[in-house]
Amino acid sequence: MALILLSVAAIVDGVNWKLVAVSWTAFAAMAVGAPLGARAVRSSNPLEPVWGYGLASGAMVTSAALFLIPQALGQHGRLGSLGIAIGFLGGYAGHTVGHLFTHRELPVDRTTAELTVHALSAGAIIGAIYAAMPSLTSVLGIALVSHKAPAGYAAARRLAERGQSVIALLLPAAAVGIVALPVGIAGVSPESGLRGLLFGIAAGVFLHVAVDLLPECTTGSETCPVDAADHDADGHQLRDRLRRHAVLSSILGGVAVVVAWWAAV
């Protein structure tokens, strides 16, 4: 509802329609990925979560490297780099400290919170910069879809596995527009150093989420679960098989983004 109201306000205010389009593309990309991730949990095939998380995280890591990090460095080299480090380490710290609250009933999932922080930070910069873009390009569309859709899939799968509702993902899906549209309406234009820092933080947080979702075939892993009690020859063969599929799926996820990016440029 907030995104709808802000979109109407932006159009009435005469804000460039491209900013509205960017906001809704980001929302739609994650909204499409989320139900796919929720439905995938029903599969009992041990390879399914490996391929699901592998493809998603591989695409996320690659799109972060192709689209998000260059944006941060393009605004300001040093502060953009600093922002990436702050975002990555901040995401790690928040995720790790969040384990202290795993036995408490909190209304916010860690992955959802991290994706929301990323989207809010990116939205602030998008509102200040993208409204001035001369046109919407296919590369921009690929940049949004290639990291929002896989993120929606992976986050929804994690929520569904824990028995939580995927409706919570509406917040990070809409967060880009919720911040970008008011910034565009207000005409805020921060200096390049602040833009680089904020975009770097957004890129760093997202990169942490992407790396965290890479399939790890270890005991207790959510992305590639293995049985701790299974130490016989068949168990070792299954683990080795899962690890091969984890590597292959993550590489193919990255290759898919590269192919789409190459075709668009």
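This is a short tour of the structure above, stop by stop, with something to select at each one. Keep in mind that you are looking at a predicted model.

**Stop 1: the start of the chain**

Select M1, which sits in the segment before α1 (2–13). Is M1 buried or exposed? M1 is exposed, with a relative accessible area of 72%. Now add I4, L5, V8 and V12 to your selection and show the surface: together with M1, these residues make a nonpolar surface patch of about 560 Å².

**Stop 2: aromatic rings**

Next, look for aromatic pairs; the structure holds 2 of them. For one of these, select W24 and F27, whose rings are 5.4 Å apart, centre to centre, with 70° between the planes, an edge-to-face arrangement. Both residues belong to helix α2 (residues 17–40), where they are 3 residues apart, or about one turn of the helix. Here a general point helps: an α-helix has 3.6 residues a turn, so residues three or four places apart point the same way. Color W24 by accessibility and you will find that W24 is partly exposed, at a relative accessible area of 30%.

Now select W261 and W262. The ring centres of W261 and W262 are 6.1 Å apart and the planes meet at 70°, so this pair is edge-to-face. W261 counts as partly exposed, at 25% relative accessibility, while W262 is exposed, at 64%.

**Stop 3: salt bridges**

How many salt bridges does the structure hold? There are 3 salt bridges, and you can visit each of them in turn.

Begin with R157 and E48. The side chains of R157 and E48 meet in a salt bridge, 2.6 Å from N to O. This pair links distant parts of the chain: R157 is in helix α6 (residues 138–161) and E48 is in helix α3 (residues 47–75), 109 residues apart. R157 has a relative accessibility of 2% and counts as buried.

Move along to R158. Which residue forms a salt bridge with R158? The partner is D212, and the closest N and O atoms are 3.1 Å apart. R158 lies in helix α6 and D212 in helix α8 (residues 192–212), so the pair ties together parts that are 54 residues apart in sequence. R158 is buried, at 5% relative accessibility, whereas D212 is partly exposed, at 22%. Why does D212 count as partly exposed rather than buried? Buried means under 20% relative accessible area, and D212 has 22%, so D212 is partly exposed.

Finally, select D240 and R243, whose side chains form a salt bridge of 3.6 Å, N to O. Both are in helix α9 (residues 233–264), 3 residues apart, a separation of about one helical turn. D240 is partly exposed, with a relative accessible area of 39%, and R243 is partly exposed too, at 37%.

**Stop 4: helix α7**

Select residues 170–186 to bring up helix α7, which has 17 residues. From its first C-alpha to its last, α7 reaches 24 Å, close to the 24 Å expected at 1.5 Å a residue. Several residues of α7 are buried, among them P172, A173, V179, L181 and G184.

Zoom in on A175, another residue of helix α7. A175 is buried, with a relative accessible area of 1%. Draw a distance line from A175 to A122: their C-alpha atoms are separated by 9.0 Å, although the two are 53 residues apart along the chain. Then step past the end of the helix to G187, which follows α7 and has a positive phi, near 70°.

**Stop 5: back to α6**

Select V145, which has its place in helix α6. V145 counts as partly exposed, at 40% relative accessibility. Add G33 and draw another distance line: the C-alpha atoms of V145 and G33 are separated by 9.5 Å, and the residues are 112 apart along the chain.

**Stop 6: segments from the record**

The unreviewed UniProt entry places the feature "transmembrane region" at several stretches, including 194–214 and 246–264. Select residues 194–214: the chain there is 90% helix and 0% strand, with its end C-alpha atoms 31 Å apart. Then select residues 246–264, where the chain is 100% helix and 0% strand, and the end C-alpha atoms are 28 Å apart.

Conventions. Residues are numbered from 1 along each chain as its sequence is written. This is a predicted model: local features need pLDDT of at least 70, side-chain atom pairs count only at pLDDT 80 or more; totals for chains, interfaces and linings use all residues. Side-chain values use heavy atoms; hydrogens and water are left out. Helices (H or I, at least four residues) and strands (E, at least two) are DSSP runs, numbered from the N terminus. The expected span of a helix is 1.5 Å times one less than its number of residues. Buried means under 20% relative accessible area, exposed over 50%, partly exposed in between (1.4 Å probe, protein chains only). UniProt positions are given in the numbering used here, feature names are shortened, and annotations may be inferred rather than shown by experiment. Rings of Phe, Tyr and Trp (its six-membered ring) pair if their centres lie within 6.5 Å; planes under 30 degrees apart count as stacked, over 60 as edge-to-face and the rest as tilted. Patches are made of residues with over 30% relative accessible area and no salt bridge: like charges are joined within 9 Å, nonpolar side chains (Val, Leu, Ile, Met, Phe, Trp, Tyr) within 5 Å. Accessible areas come from the Shrake-Rupley method with a 1.4 Å probe; for residues, only the protein chains shown count as cover. A salt bridge is a side-chain nitrogen of Lys or Arg within 4 Å of a carboxyl oxygen of Asp or Glu.
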